[in-house]
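Student: I would like a close look at a single part of this model, namely the surroundings of one core residue, and then an account of how the rest fits around that part. Please take it step by step and keep to what can be computed.

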Amino acid sequence: MLIMGMSLMFMFVLLVVLVLYILAYWMIFRKAGEAGWKSLIPIYSTYIEYKLFWNDRMFVLWIIMALTAMAFRFVSGPGVLVAQVAYLGVSVMHILVSVKMSSSFGHGVGFALGLIFLTPIFLLILALDSSVYIGPEGKRETDRGMYL
């Protein structure tokens, strides 16, 4: 009975965190000029995140690494090493996109560290604060639509 109660509590906490992530990304996307509903579609929201904060070509690299990690997950022998390297690559790309997200809203390294280590809290801070979207990697857009 205790285990079932703990499981229900754990599932409730996960549901709350998921809802907070969705709300935060919805507001962040809206701040950056994208429709908020795009945060609801799993792979598409990651594409939009990379497009807004870094580079949509880097999303292709991320998807290749994620698919490689999933494909080699259950392969024994050298497949285990391939999967681990791919998982490491996905993690590094998450760290880099967090740094790019921070600079895209004019924040520095400290805020990027918060996005990396305390993701839900700092996503909500970013969603609710008064910071303004500058552009991918913090580069301001000129009148001609190009980035400096």
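Tutor: Let us begin with Met101 in this predicted model, which, once its neighbours within four places in sequence are set aside, is in contact with Tyr25, Glu49, Phe53, Leu115, Leu123 and Leu126. Met101 belongs to the largest nonpolar core, a set of 17 residues, and it is listed with Ile28, Leu52, Phe53, Phe105 and Leu123 as those that touch the most other members. The elements that contribute two or more residues to this core are α1 (2-31), α2 (42-53), α5 (109-117) and α6 (119-128). Separate from it is a second core of 9 residues, which includes Tyr50, Trp54, Ala66 and Met93.

Among the partners of Met101 is Phe53, and Phe53 counts as buried because its relative accessibility is 0%. There are 12 aromatic pairs in the model, and one of them joins Phe53 to Tyr133 in an edge-to-face arrangement, with 6.2 Å from centre to centre and 70° between the planes. This pair links distant parts of the chain, since Phe53 sits in helix α2 whereas Tyr133 lies in the segment after α6, 80 residues apart. Tyr133 also counts as buried, because its relative accessibility of 18% falls under the 20% cut-off.

Leu123 and Leu126, two further contacts of Met101, are buried residues of α6, as are Thr119, Phe122 and Ala127. Seen down the axis of α6, these buried residues fall within an arc of 140°, so they line one face of the helix. An α-helix has 3.6 residues a turn, so residues three or four places apart point the same way. The buried residues of α6 pack against α1, α4 and α5.

Leu52, also named among the core members with the most contacts to other members, is touched by Glu34, which likewise touches Phe29, Ile48 and Lys51 when residues up to four places away in sequence are not counted. Glu34 lies in the loop between α1 and α2, and it counts as buried because its relative accessibility is 15%.

Turning to α3, its buried residues are Phe59, Trp62, Met65, Ala66 and Ala69. They cover an arc of only 125° around the axis, which puts them on the same side of α3, and they pack against α2 and α4 (78-104). The face of α3 turned away from that buried side carries the exposed residues Arg57 and Ala71. The backbone nitrogen of Arg57 lies 2.7 Å from a side-chain oxygen of Asn55, which caps the N-terminal end of α3. The length of α3 can be checked as well: at 1.5 Å a residue, its 16 residues (56-71) should span 22 Å, and the end C-alpha atoms are 23 Å apart, which agrees. Phe59 and Trp62 also belong to a cluster linked by ring pairs, together with Trp37, Tyr44, Tyr47, Tyr50 and Trp54.

As for the setting of these parts, the protein chain has 6 helices and 0 strands, and its C-alpha atoms fill a box of roughly 60 × 40 × 30 Å along the principal axes. Of its 148 residues, 34% count as buried, and residues 24 or more positions apart account for 49% of the contacts with a separation of 6 or more.

How values were computed. Residues are numbered from 1 along each chain as its sequence is written. Side-chain values use heavy atoms; hydrogens and water are left out. A nonpolar core is a set of buried Ala, Val, Leu, Ile, Met, Phe, Trp, Tyr and Cys residues joined through side-chain atoms within 4.5 Å. Buried means under 20% relative accessible area, exposed over 50%, partly exposed in between (1.4 Å probe, protein chains only). Helices (H or I, at least four residues) and strands (E, at least two) are DSSP runs, numbered from the N terminus. Contact means heavy atoms within 4.5 Å. The expected span of a helix is 1.5 Å times one less than its number of residues. The arc is that of the directions from the helix axis to the C-beta atoms. A polar contact is a pair of N or O atoms within 3.5 Å; within protein, one must be able to donate a hydrogen and the other to accept it, and residues adjacent in sequence count only if both atoms are side-chain atoms. Rings of Phe, Tyr and Trp (its six-membered ring) pair if their centres lie within 6.5 Å; planes under 30 degrees apart count as stacked, over 60 as edge-to-face and the rest as tilted.
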